[in-house]
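Welcome! Let's learn to read a structure together, one question at a time.

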Amino acid sequence: MSRQRSMEKILTSEYVSIGELVRITGVRYSTLKFYTEEGMLPFEQEEEKLTRRFPREKAVSRIEEIRLLREQGLSVPTIKERLIE
Amino acid sequence: MSELTLQERFALVSLNAQDSLHLTATKKAALRCISAARILEEYMDSLWPSQEVLEEKLKNAVSLSSHELKELEAKIKNSLEEKQLIREIPNLLACDLDYVTAAVNIFEYRSDETEYTRQTEGMRAELMEEGNISDEVICLLWLLRESSCFYDLFSKSEQDYLSSRISELYLHSPLAKLLLPIEVHKGFEAFSHKFLKKKEDVFTTKTGTGLLFSFPFFERSQSIFIEADAWFSGDDKRLEAVIRRLESQQHEVHVLRAGTVPLLKIDNFYYECIPTQRAMKVPIQGVRLRRYVM
């Protein structure tokens with residue numbers, strides 16, 4: 001049996017799962033999955049079949065950065081270019 | 001960001017958009033499962049009993065009279081209201097000419113959007129991604145299935161994927177093996193929910209919305225008639241009357257397109273305002289809000 005980690009524990013962890021990232025940011029799963037697949041969110045995956053884990057602080061600040069750029073009216077491809085720069 | 005109990009998490013998801021004044025069949029199914037959530041919560045912090053004992057306890061928990069269901073609803077509503085996670089808003093149908101003139105009020109629950117997204121999407125992420133599924137999500141999955149809310153939350157393709165994921169769960173999770181074979185739902189309530197969902201699906205297609213325009217009685221909540229102030233009023237005056245009516249009933253309205261057939265965003269749904277008239281003893285001119293399918 002495995003329990004979900006409490007919010008307190010998640011907020012002090014170095015790495016979080018995509019589900020936990022959804023819980024702390026309130027951003028939709030499909031959106032985060034899209035950002036991940038587009039290479040806009042940093043993550044680690046030891047082997048192809050293993051679950052992705054996200055460095056919490058970096059991922060949260062990147063999501064916030066993307067949100068601000070979207071609010072300025074920038075398209076996703078432009079944001080992607082900016083993030084790569 | 002507060003920690004919610006399993007019962008509160010499930011209530012937040014299952015009560016959203018339910019009629020808050022009447023004990024409908026779909027709300028009864030949700031409330032029965034809210035009651036069952038408390039039993040699951042107790043066992044999550046201790047040892048799980050045998051399947052027979054758990055089944056009996058869950059069946060007892062869902063066998064509530066209408067009076068007991070109402071009491072439970074009031075209790076869970078207060079608990080969520082205290083945390084500012086749920087509120088009651090007027091249903092769009094209450095803006096319809098028939099309902100306004102008859103002074104009929106219809107209210108529905110609206111869960112806090114951010115927390116609702118956090119709960120539903122967090123669960124979706126855990127279920128759709130490879131990896132372990134926590135006990136909380138297995139319990140929520142069971143509650144959603146028994147209350148029939150599962151079909152509202154997951155798309156057809158997600159449901160197909162989840163059926164293979166559930167088979168996997170049976171093999172790898174002792175809790176899933178214990179809980180998922182148990183069924184406590186009432187046949188009629190589950191049937192009502194599935195029937196209403198099917199009906200809604202049909203009437204939110206392009207053909208369905210067209211059909212509904214001619215025959216609104218099929219799904220009144222998706223085809224609302226709002227009368228104009230005067231005969232042959234222009235586009236602007238007609239739109240003003242519609243906005244005034246909607247705002248008087250506390251709906252959030254944004255005009256996305258003006259003109260003869262304006263496009264409005266009302267409480268996160270899109271509607272076209274189509275000028276029309278209703279033939280009663282005297283013809284009444286106005287507009288019909290027709291759900292706009294993007």
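What follows is a short dialogue about a predicted model.

Q: How many residues of each chain are in contact where chain B and chain A come together?
A: A good start is to list the residues on each side. Here 24 residues of chain B touch 19 residues of chain A. Between them, the two chains bury about 2,000 Å², with 52% of that on carbon and sulfur atoms.

Q: How many salt bridges does the rule find across the interface of chain B and chain A?
A: For a salt bridge, look at the ends of charged side chains. The rule gives 5 across this interface. One of them pairs B:D45 with A:R3, at 3.0 Å from N to O. Polar contacts can be counted too: 12 residue pairs between chain B and chain A, both partners at pLDDT 80 or more.

Q: Which element gives the most residues to the side of chain B that touches chain A?
A: That is α6(B), with 8 residues. The elements giving two or more are α6 (113–128), α7 (135–147) and α10 (174–179) of chain B. By kind, this side of chain B has 9 nonpolar, 4 polar and 11 charged residues.

Q: Now a single residue: is B:E108 buried or exposed?
A: For this, compare the relative accessible area with a cut-off. B:E108 is buried, because its value of 12% falls under 20%. B:E108 sits in strand β2 (residues 107–111) of chain B.

Q: Which side chain does the side chain of B:E108 join in a polar contact of 2.9 Å?
A: The partner is B:R110. Beyond residues up to four places away in sequence, the residues that B:E108 touches include B:A17, B:R87 and B:N91.

Terms used
Residues are numbered from 1 along each chain as its sequence is written. Chains are lettered from A and ligands numbered from 1 in the order in which they are written. This is a predicted model: local features need pLDDT of at least 70, side-chain atom pairs count only at pLDDT 80 or more; totals for chains, interfaces and linings use all residues. Side-chain values use heavy atoms; hydrogens and water are left out. Contact means heavy atoms within 4.5 Å. Buried area is the accessible area (1.4 Å probe) that two parts lose on being put together, summed over both. A salt bridge is a side-chain nitrogen of Lys or Arg within 4 Å of a carboxyl oxygen of Asp or Glu. A polar contact is a pair of N or O atoms within 3.5 Å; within protein, one must be able to donate a hydrogen and the other to accept it, and residues adjacent in sequence count only if both atoms are side-chain atoms. Helices (H or I, at least four residues) and strands (E, at least two) are DSSP runs, numbered from the N terminus. Ala, Val, Leu, Ile, Met, Phe, Trp, Tyr, Cys and Pro count as nonpolar, Asp, Glu, Lys and Arg as charged, and the others, Gly among them, as polar. Buried means under 20% relative accessible area, exposed over 50%, partly exposed in between (1.4 Å probe, protein chains only).
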